[in-house]
Number of protein chains: 2
Amino acid sequence: MAANGKRVGFLGPPGTYSEEVAKNLFGESACLTPFGSIDLAIRAVAGGEISQCVVPIENSVEGSVNVTLDTLAHEVELFISREIVMPIRHNLLAREVGRDIRLVLSHPQALAQCRRTLSRLYPAAELRPVDSTAEAARRVAEGEAGMAAIGSRSAAALYSLEMVAADIQDTSSNCTRFVTLQIQPLDSRLPGRWKTSIVCQIDGSRPGSLYHILAEFAEREVNLTKIESRPARTGLGAYLFFLDMEGGLGEARIQAVLQAVEQRSLWFKNLGSYLMLDWNR
Amino acid sequence: MAANGKRVGFLGPPGTYSEEVAKNLFGESACLTPFGSIDLAIRAVAGGEISQCVVPIENSVEGSVNVTLDTLAHEVELFISREIVMPIRHNLLAREVGRDIRLVLSHPQALAQCRRTLSRLYPAAELRPVDSTAEAARRVAEGEAGMAAIGSRSAAALYSLEMVAADIQDTSSNCTRFVTLQIQPLDSRLPGRWKTSIVCQIDGSRPGSLYHILAEFAEREVNLTKIESRPARTGLGAYLFFLDMEGGLGEARIQAVLQAVEQRSLWFKNLGSYLMLDWNR
C-alpha cells in the first residue's frame with residue numbers, strides 16, 4: 001500500500017509494536033516517522049504535518065486505548081481509514097543466547113502479560129518497568145550481560161539483540177487493534193470488508209435513550225461489533241458512546257442508520273468507514 | 001456510620017482523596033488502613049483481613065477506574081454497599097504562604113487537571129509528576145522553599161502545609177465516584193436512594209444481543225445510569241457489560257429485570273444493591 005509519497009506517523013520510539021504494524025501496512029520502504037505519544041501522532045495528521053498515522057485503539061486484555069478515543073472525539077476532525085488486528089507476540093531479547101537472565105526490562109503491560117512464563121523460566125529474575133518495549137531493548141543493548149528485554153522482532157533487529165525465547169506471553173488471546181487515521185474519509189467504493197465507527201452523546205436523563213438508539217441498528221439488521229462509553233466531560237452521568245458496526249457508507253442501510261442515530265443524538269460524529277485488513281506475517 | 005468495630009481499607013498513602021472519602025463516610029475516629037494499590041485493598045476485603053474498603057470507581061474526566069471494574073468482575077466475590085460522589089478540589093500546598101513557587105509536584109492526573117490555572121498563576125513553575133498527591137505533599141514538607149504540591153485538605157493537615165491557593169482545578173465538573181465494598185450484600189430494607197450494579201457477558205456473535213438486554217430494562221421502566229464495556233479477556237470482540245440502574249433489590253421490578261438479564265447472558269454477576277450517599281463537607 002503506498003503512502004502517497006507522504007510521511008506516516010506511528011507511536012515511537014523505533015522498535016515498538018506500532019512501528020511493526022506501520023511496516024506491515026505501508027511496507028519497509030515507507031517514510032515512517034516516530035512520535036513521542038499517541039495524541040502527538042494524531043495531532044500531526046490533523047495539522048497536515050503527516051498524511052496518516054498508525055495508532056492502537058483497543059487491546060483484548062487491557063481494553064480501549066482511552067487517549068485514542070478521547071482525542072478522536074474531542075480534539076480533532078479525522079477519519080479512520082483502515083483497521084488491522086495484530087497478535088501481540090512478546091519475545092525475550094538479550095545480547096547473547098545461553099546466559100542466565102537476572103533482570104528483565106519492559107513496559108509495565110508487557111511485564112504483566114508475561115509474568116507467569118517468566119517466573120517459570122527465570123524464577124530468580126527481577127522484573128523492572130521502563131517507558132516502552134523499545135526503550136527496554138535499547139538499555140539491554142547498552143547494558144551488561146544478564147539483562148533481557150521483552151519486545152518485538154523489530155526491536156530485536158534494531159538493537160542487534162538475540163531472541164532468547166519467542167512467544168512468551170501468558171495467554172494466546174492477546175491482540176491489539178490498530179487503526180490508520182487521515183483527514184479525508186476513505187473512498188467507500190473500494191472493494192473489501194468494511195466497518196464504520198461513530199461517536200454520539202445521548203440524553204442520559206431520558207430513560208431508554210440508548211435502547212432507542214440500538215433499536216435503529218436492530219431494525220436494519222446492522223451488526224454492532226462494539227459499544228463503549230466514555231465520559232462526555234461535562235459531569236458524572238453524561239457519556240459519549242462509541243459504536244462500531246459491520247458495513248460501510250457505500251451501503252444504503254448504513255447511511256440510513258447513521259442518519260437515524262444522528263437525529264436521536266444530542267451530539268454526533270462520524271469517525272469514518274474503513275477497510276478491515278488481515279495481519280500477514 | 002459505624003464500621004462495626006472492624007478496619008476499613010482505603011487507597012493510600014495517608015492524605016489521598018480516598019482517605020478523605022473514608023473519613024467522610026466512617027468518621028475521623030474510624031480505624032482506617034491504607035493500602036498500596038486498589039486491588040490490594042479489594043483483595044483484603046475478600047480475604048477477610050478488613051471489613052470494608054473505599055475505592056474510586058469512576059471519574060468525570062478520566063472515565064472508569066478499570067482496575068476496580070476488572071477486579072470486581074474477574075477476581076473477587078464482593079458487593080458494593082455504598083456510593084458517594086466527591087467533588088475533586090485540588091489545592092496548592094506549600095510550607096509558607098507568600099513565597100514564589102518554582103516547582104509543583106503531584107500525581108500526573110492532578111497536574112493535568114490544574115495545568116491552565118497553574119500556568120496563569122506561576123507561568124515559570126516546573127511541573128513534576130510523582131506517584132500520588134500525598135507523596136507530593138510529603139516531599140514538599142521535607143523539601144526546600146519554592147516547592148508546592150497539588151493535593152487534598154487531608155494532605156495539608158497531615159504534612160502541616162499551608163493552603164497557598166484553593167480550588168485550582170481547571171474545570172468545576174471534576175468529580176469522582178467512590179464505592180464501599182464488603183463480603184455480604186447490604187440489607188435491602190434500609191431506607192434511602194438505591195442503585196444496583198451488575199456485570200454480564202452477552203453473546204456478541206448474535207446481532208442485537210445487547211438490544212434485547214436493554215429491552216428488559218425499557219419494558220420495566222428501569223432507568224440505566226451507566227453502561228460500560230470492558231474486555232472479557234477471551235479475545236477481541238468479546239465484552240463484559242457493566243450496567244448501573246436506579247433502584248434496589250427490595251423492589252420487585254429490579255428482581256425481575258435481574259432475573260431476565262441473567263437468563264439472556266452467557267455469564268452474569270450481581271455486584272450488589274447499594275445506597276447513594278451525599279457528600280457533606
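The centres of domain 1 and domain 3 of chain A, taken over C-alpha atoms, are separated by 22 Å. The model is predicted; local features need pLDDT of at least 70, side-chain atom pairs count only at pLDDT 80 or more, and totals for chains, interfaces and linings use all residues. Residues are numbered from 1 along each chain as its sequence is written, while chains are lettered from A and ligands numbered from 1 in the order in which they are written.

Chain A comprises domain 1 (8–88 + 176–182), domain 2 (91–165) and domain 3 (194–277). These bounds come from an automatic or database domain assignment. Between domain 1 and domain 3 of chain A, twelve residues of the former are in contact with 14 residues of the latter. Contact here requires that the C-beta atoms of two residues, placed from the backbone, lie within 7 Å. On the domain 1 side, helix H3 (66–74) and strand S5 (79–87) of chain A each supply at least two residues. Helices (H or I, at least four residues) and strands (E, at least two) are DSSP runs, numbered from the N terminus. S5(A) provides the largest share of this side, six residues. By class, the domain 1 side that touches domain 3 of chain A holds six nonpolar, three polar and three charged residues. Ala, Val, Leu, Ile, Met, Phe, Trp, Tyr, Cys and Pro count as nonpolar, Asp, Glu, Lys and Arg as charged, and the others, Gly among them, as polar.

Domain 2 of chain A spans 91–165. In chain A, five strands form an open sheet in the order S8-S7-S9-S6-S10, with mixed pairing. Strand S8 (126–129) and strand S10 (162–165) of chain A are at the edges; each has a single partner strand, so one side of each is left without a neighbour in the sheet. The twist from one strand to the next averages 35 degrees. Strands pair if DSSP finds at least two bridges between them. Strand S7 (residues 103–106) of chain A pairs with S8(A) in the parallel sense, over four bridges. Ser106(A) stands opposite Pro129(A) in S8(A). Helix H6 (residues 133–142) of chain A lies across strand S6 (91–94), S7 and strand S9 (147–151) of chain A. H6(A) runs at about 155 degrees to S9(A). Axes are lines fitted to C-alpha atoms, for helices over the stretch in contact, and angles run from 0 to 180 degrees between N-to-C directions.

The sheet of chain B also has five strands, is open and mixed, and follows the order S8-S7-S9-S6-S10. Its edge strands are S8 (126–129) and S10 (162–165) of chain B, each pairing on one side only. Neighbouring strands are turned by 35 degrees against each other on average, direction ignored. Strand S6 (residues 91–94) and strand S9 (residues 147–151) of chain B run antiparallel and are joined by three bridges. Leu93(B) has Ala149(B) in S9(B) as its bridge partner. Helix H6 (residues 133–142) of chain B lies across S6, strand S7 (103–106) and S9 of chain B, at about 155 degrees to S9(B).

Helix packing was examined next. Two packed helices are described by the angle between their axes and the distance between the axes. In chain A, helix H8 (residues 209–219) and helix H9 (residues 252–264) pack at an angle of about 170 degrees, with their axes 9 Å apart. H8(A) and H9(A) are therefore roughly antiparallel. Angles under 35 degrees count as roughly parallel, over 145 as roughly antiparallel, 65 to 115 as roughly perpendicular and the rest as oblique. H8(A) contributes His212(A), Ile213(A), Glu216(A) and Phe217(A) to the contact, and H9(A) contributes Val257(A), Ala260(A), Val261(A) and Arg264(A). These residues divide into five nonpolar, one polar and two charged. In chain B, the axes of H8(B) and helix H9 (residues 252–264) come within 9 Å and cross at roughly 170 degrees.

The two chains are related by symmetry. A turn of 180 degrees and a shift of 0.1 Å along the axis lay chain B on chain A with an RMSD of 0.0 Å. That is the relation of a two-fold axis. Superposition is by least squares on the C-alpha atoms of residues with pLDDT of at least 70 in both copies. The contact takes 30 residues from chain B and 30 from chain A. On the chain B side, strand S11 (175–182), helix H8 (209–219) and strand S13 (224–231) each give two or more residues. S13(B) gives the most, seven residues. The chain B side has 13 nonpolar, eleven polar and six charged residues. The copies meet through the same surface, because 100% of the interface residues of chain B are also interface residues in chain A.
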